[in-house]
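Please look over the structure shown here. A short report on side-chain contacts and strand pairing goes with it.

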Amino acid sequence: MSCNSCPPFGGYKFPSCFQRHSGVSNKKNPGNVQTLHSLAHNVMPKFYDGVELDYYHRLAPNKFISAAWVLSHVRAAGFRFGGLYTFRVLDDFMLTPTIVGDIHPTTLAANLNILYYPFKPLRLEAVLQKPGEDVPVETQYTIEWTRPSDTWAANFYNVRNENGRCTLSVMRSITQHWAIGGELLLEWNEPKNLMTDLAFAARYSHHHYSFAATASRQGLDVSYWQRIHPQIQMANLLAWNRSTRKTIATICYQWNFWNCAVHGMIDSDALVGFMWTKYLSYIPIQMGFSVVMSLPTDRFAFGMRFVLDPSGLRRGD
């Protein structure tokens, strides 16, 4: 059974095909506005920068430890360690709350993600990021209510008295193929200075293709995804920004082989990218490399990633 048509759900990706919602409906749940273009974005290559070495080790069904070493000009370089812990396990099912985190032992920069389902349709999530410098902690809080044919979500980003940002969104399926929704943005830089914006979203989808669009006063985003073969996916994205009057169009593809996956893209700025990943069958290592090149400037970036995974947790990523 393929999960490629299921949108990602939550900060930590549980198997999408095993999501269950109570009740009866002849309409599928549309997901939230944030994941409206996820099918097309998942096809795009995820470029590496420099060299990255990751290690995952399972201690028990509900907990594992991780370590990573990064050598990069863009990302924070150095060594990090962390892990994942799920508090409750019922038979073979992991039940939240789940905590995912890591820390840089030298700078004490840390990331923390807490996911909790107090009820089946209600998702509570907190994402905290502490930089190495003496600056406030970056925060993101999510409250999401999921029903058989609609999803209501509220996201809070760095909410403080002096500044902050909040989004309130709803996405609803009106037929088996059509879904519409909207998102309200609230942003403030001073206690009495509130800026608002409203965006509208729509998607038309079948099991092998999907067309999605979002529009607001700030711009327009359009995406089209199609599975043209059981192993090949294609996606097209178009983004227009009103303030800069700039439009970027992107074409990308994903080709899955029996032992590896290939991603590629090209956009209207003549930016060409390629990513290749493979999980070796004879040793528990997932390896990948990526290349991105700007044709007008003749500049490129190359990156590699190796994941050592003796317990097979990352197989198939």
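The report below covers strand pairing, aromatic rings, a surface patch and charged contacts.

## Basis

This is a predicted model. Residue numbers start from 1 along each chain as its sequence is written.

## Strands 17 to 19

Strand 17 spans residues 271-279. Strand 17 pairs with strand 18 in the antiparallel sense, over 9 bridges. The two strands form a hairpin, with 5 residues between them. One bridge partner pair can be named here: G273 is matched by V292 in strand 18.

Strand 18 also pairs with strand 19, again antiparallel, over 10 bridges. F289 has M304 of strand 19 as its bridge partner. The hairpin of strand 18 and strand 19 has 4 residues between the strands. In this hairpin D298 takes a positive phi near 55 degrees.

## Two faces of strand 18

In a regular strand the side chains alternate between the two faces of the sheet. Strand 18 follows an alternating pattern. Q286, G288, S290, V292 and S294 point to one face, and they are buried. I285, M287, F289, V291 and M293 point to the other face and are not buried.

F289 therefore falls in the partly exposed class, as its relative accessible area is 26%. The cut-offs behind that class are under 20% for buried and over 50% for exposed.

## Aromatic pairs

A pair of aromatic rings is described by the distance of the centres and the angle of the planes. The whole structure holds 9 aromatic pairs. One of them joins Y204 and Y209. Their centres are 6.4 Å apart, with 45 degrees between the planes, and the pair is tilted. Y204 has a relative accessibility of 25%, so Y204 counts as partly exposed. Y209 is partly exposed too, at 21%.

F289 and F302 make another tilted pair. Why tilted? The planes meet at 35 degrees, with the centres 6.1 Å apart, and an angle that is neither under 30 nor over 60 degrees counts as tilted. This pair links distant parts of the chain: F289 sits in strand 18 (residues 285-294) and F302 in strand 19 (residues 299-308), 13 residues apart. F302 has a relative accessibility of 41%, so F302 is classed as partly exposed. Ring pairs also tie F289 and F302 into a cluster with F274 and W276.

## A charge over a ring

Which residue lies over the face of Y157? R165 does, at 4.3 Å from the ring centre.

## A nonpolar surface patch

L53, W69, L71, F79 and F81 form a nonpolar patch on the surface. Together they have about 470 Å² of accessible area. Strand 2 (63-71) and strand 3 (78-90) each supply at least two residues of the patch.

F81 belongs to strand 3. F81 has a relative accessible area of 41% and is partly exposed. A patch residue needs over 30% relative accessible area, a cut-off that F81 passes with its 41%.

## Salt bridges

The search of the whole structure finds 9 salt bridges. R123 takes part in two contacts described here. With E125, the closest N and O atoms are 2.3 Å apart. With E144, the closest N and O atoms are 3.2 Å apart. The contact of R123 with E144 links distant parts of the chain: R123 is in strand 6 (residues 122-130), E144 in strand 7 (residues 138-146), and 21 residues separate them.

Are these residues buried or exposed? R123 and E144 are both buried. R123 has a relative accessibility of 6%, which puts R123 in the buried class. E125 is also buried, at 9%.

R147 and D150 meet in a further salt bridge, at 2.8 Å from N to O. Which side of this contact is buried? D150 is, with a relative accessible area of 1%, whereas R147 is partly exposed at 39%. Elsewhere, a network of salt bridges links E52, D54 and R305.

Definitions and conventions
Predicted model: local features only at pLDDT ≥ 70, side-chain atom pairs only at ≥ 80, totals over all residues. Heavy atoms only, no water. Phe/Tyr/Trp six-rings, centres within 6.5 Å; stacked < 30°, edge-to-face > 60°. Buried < 20%, exposed > 50% of the residue type's maximum accessible area, 1.4 Å probe, protein only. Lys NZ or Arg CZ within 6 Å of the ring centre and 35° of its normal. Patch = residues over 30% accessible without salt bridge, like charges linked within 9 Å, V, L, I, M, F, W, Y side chains within 5 Å. Areas by Shrake-Rupley, 256 points an atom, 1.4 Å probe, with all protein chains shown as cover. Salt bridge = Lys/Arg side-chain N within 4 Å of Asp/Glu carboxyl O. Pairing = 2+ DSSP bridges.
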